[in-house]
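Please open the model in your viewer and switch to a cartoon view, keeping side chains ready to be shown when they are called for. The tour moves from one selection to the next.

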Amino acid sequence: MLRRLAVTMLMVLAFATPAMADATEDAHALGEAFGKALADCDQSGIELLYEGDAVAIFPGLGDEAKGKEAIGKMAIAICKSGTNKQVSSDARSVGGDYIMNVGRWEQATTGPDGKPATLIIRTTELLHKGADGKWRYLVDHASIGLPPPPPAPKVATR
């Protein structure tokens, strides 16, 4: 009984690991294509990476769009604000034609003080594989974490 369980577990791991690796590779490749289109300020290239009824929420108040054309317009504003680099993808297959991805990006920009700054952008994405075999974003939600709180003031001791 224990032997059969061990063999079954090994088989599950053997088949699951490549599927998870492929999901991460597919998600990373889509992210790289997005990063290139964004760097080139290529609105039509960005739109090709989204489903027609996709939804995107980017950092910033009111930065929400539905439909690939609206998302393309919203993304163009970002391409003009600095360079973006994908740092990581952690994807999970959630069905044959869907992948959930959690990623991190770095955006080089200018801070409020005029000095260079790097923002860490977190993403949660739902990717869909279309009938043509291409992966596209269906949901793209990006956010910027809050800065760490300032250190507590030192209290004088007597």
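What follows is a walk through a predicted model, from its sheet to a helix packed on that sheet and then to a nonpolar core.

Begin by selecting the strands of the open sheet, which has six of them in the order E2-E1-E6-E5-E4-E3, with mixed pairing. At the edges you will find strand E2 (64-66) and strand E3 (83-93), each of which pairs on one side only. If you look across the sheet, neighbouring strands are turned by 20° against each other on average, direction ignored.

Next, select E3 together with strand E4 (residues 98-110), which pair in the antiparallel sense over ten bridges; within this pair, show Ser88, which stands opposite Arg104 in E4.

Now add helix H3 (residues 68-79), which packs on the sheet and touches strand E1 (50-57), E2, E3 and E4. The direction of H3 makes about 45° with that of E1.

For the interior, turn to the largest nonpolar core, which has 26 residues, and show Phe34, Ile46, Tyr50 and Phe58, the members that touch the most others. The elements giving two or more residues to this core are helix H1 (2-39), E1, H3, E4, strand E5 (116-129) and strand E6 (135-144), and the largest share, six residues, comes from H1.

Finally, centre the view on Phe58: which residues is Phe58 in contact with, leaving aside its neighbours within four places in sequence? They are Phe34, Tyr50, Asp63, Ile71, Met74, Ala75, Ile78, Asp140 and Ala142.

Definitions and conventions: Residues numbered from 1 in each chain as written. Predicted model: local features only at pLDDT ≥ 70, side-chain atom pairs only at ≥ 80, totals over all residues. Heavy atoms only, no water. Pairing = 2+ DSSP bridges. Helix = DSSP H or I, 4+ residues; strand = E, 2+ residues; numbered from the N terminus. Axes fitted to C-alpha atoms, helices over the stretch in contact; angles between N-to-C directions. Contact = heavy atoms within 4.5 Å. Core = buried A, V, L, I, M, F, W, Y, C linked by side-chain atoms within 4.5 Å. Buried < 20%, exposed > 50% of the residue type's maximum accessible area, 1.4 Å probe, protein only.
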